[in-house]
Amino acid sequence: MKKALIVWGGWDGHEPEQVAAIFARILRERQFDVEVADTLEAYRDAEKLLGLDLIVPVWTMGEIAQELVNNVSAAVQAGTGLAGCHGGMCDSFRNNVDWQFMTGGQWVAHPGNDGVDYKVEIKQSSSPLVDGIEDFAVKTEQYYLHVDPAVEVLATTRFPVIDGPHRYNKAVDMPVVWTKRWGLGRVYYNSLGHHADIVELPPVTELMTRGMLWAAEGKERALALKAADTSDGKFNYSGMGDSQYDA
């Protein structure tokens with residue numbers, strides 16, 4: 001049975017407890033052993049984190065001790081998956097660049113705030129994670145993020161939609177869903193999820209379900225790759241293939 005840890009808290013406006021409950025239900029329905037915690041101290045036990053298949057952060061803003069970030073980072077580097085959404089993962093700790101480097105991006109603005117009508121455009125054939133999912137419209141916050149250029153983008157949204165100083169630049173396709181690697185671990189992010197009702201929209205739920213399962217499945221593959229390590233004790237990353245989905 002795969003093991004997952006969901007940690008919720010921070011700014012209550014994102015309904016972290018409700019969103020955490022949705023993720024816990026999804027994972028338990030798929031036979032995960034799920035622990036739900038409402039304190040960052042859940043990241044204190046480094047050895048426990050190393051034994052997990054998946055970590056799901058649902059924590060917006062606030063501050064975190066560097067030791068706790070180091071513990072999560074070490075677990076992901078060793079193969080534990082990391083998956084989350086909206087501000088619960090990429091607006092968690094604005095003062096911690098290590099967290100931002102690991103997750104692949106950081107929120108900087110949502111022009112128009114909540115209630116913006118916009119389209120999420122799926123990058124068809126970009127990944128099995130979006131197979132069969134069509135473009136869809138939402139009315140919620142439209143996240144403008146600073147994004148790691150190493151991520152593999154699976155869905156985007158076009159800016160500008162709402163007037164503002166950013167509209168004097170050329171139009172840009174901002175990543176909405178992405179994956180990346182952190183050591184041997186798989187990282188998945190979806191910028192949708194301002195409130196629990198957005199997470200429960202069918203395409204968002206489907207995207208998050210696939211993303212969490214994909215991130216968790218990386219642990220077994222990572223251990224197999226690590227077992228096939230080179231004789232000098234240095235991991236041979238070439239065995240992971242060109243695509244993030246080969247491993």
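A salt bridge is a side-chain nitrogen of Lys or Arg within 4 Å of a carboxyl oxygen of Asp or Glu. The exercises below apply this definition to a predicted model.

**Exercise 1.** Determine how E29 and R25 are linked, and where the two residues lie in helix α1.

*Solution.*
Step 1. The closest N and O atoms of E29 and R25 are 3.6 Å apart. Because the cut-off is 4 Å, the pair forms a salt bridge.
Step 2. Both residues belong to helix α1 (residues 16-29), four residues apart, which means that about one helical turn separates them.
Step 3. An α-helix has 3.6 residues a turn, so residues three or four places apart point the same way.
Step 4. E29 is partly exposed, with a relative accessible area of 48%; R25 is also partly exposed, at 39%.

**Exercise 2.** Describe the salt bridge between R44 and E67 and the parts of the chain that it links.

*Solution.*
Step 1. The closest N and O atoms of R44 and E67 are 2.8 Å apart, and the pair forms a salt bridge.
Step 2. This pair links distant parts of the chain, 23 residues apart: R44 lies in the loop between β2 (33-37) and α2 (46-50), whereas E67 lies in helix α3 (residues 66-77).
Step 3. R44 has a relative accessible area of 34% and is partly exposed. E67, at 43%, is likewise partly exposed.

**Exercise 3.** Classify D91 and R94, which meet in a salt bridge, as buried, partly exposed or exposed.

*Solution.*
Step 1. The N to O distance between the side chains of D91 and R94 is 2.8 Å.
Step 2. D91 has a relative accessible area of 3%; because buried means under 20%, D91 is buried.
Step 3. R94, at 42%, is partly exposed.

**Exercise 4.** Establish which contact the side chain of R186 makes, and whether R186 has a salt bridge.

*Solution.*
Step 1. R186 is located in strand β11 (residues 185-190) and is buried.
Step 2. The nearest side chain of opposite charge, E217, is 4.5 Å away. Because a salt bridge requires a distance within 4 Å, R186 has no salt bridge.
Step 3. The side chain of R186 does reach the backbone oxygen of W214, at 2.8 Å.

**Exercise 5.** Compare the expected span of helix α7 with the distance between its end C-alpha atoms.

*Solution.*
Step 1. Helix α7 (residues 202-227) has 26 residues, and at 1.5 Å a residue it should span 38 Å.
Step 2. Its end C-alpha atoms are 39 Å apart, which agrees with the expected span.
Step 3. Helix α7 also has a kink of about 30°, centred on K219.

How values were computed: Residues are numbered from 1 along each chain as its sequence is written. This is a predicted model: local features need pLDDT of at least 70, side-chain atom pairs count only at pLDDT 80 or more; totals for chains, interfaces and linings use all residues. Side-chain values use heavy atoms; hydrogens and water are left out. The expected span of a helix is 1.5 Å times one less than its number of residues. The bend at a residue is the angle between axes fitted to the seven residues ending there and the seven starting there. Buried means under 20% relative accessible area, exposed over 50%, partly exposed in between (1.4 Å probe, protein chains only). Lys and Arg count as positive and Asp and Glu as negative; His and the chain ends are not counted. A polar contact is a pair of N or O atoms within 3.5 Å; within protein, one must be able to donate a hydrogen and the other to accept it, and residues adjacent in sequence count only if both atoms are side-chain atoms.
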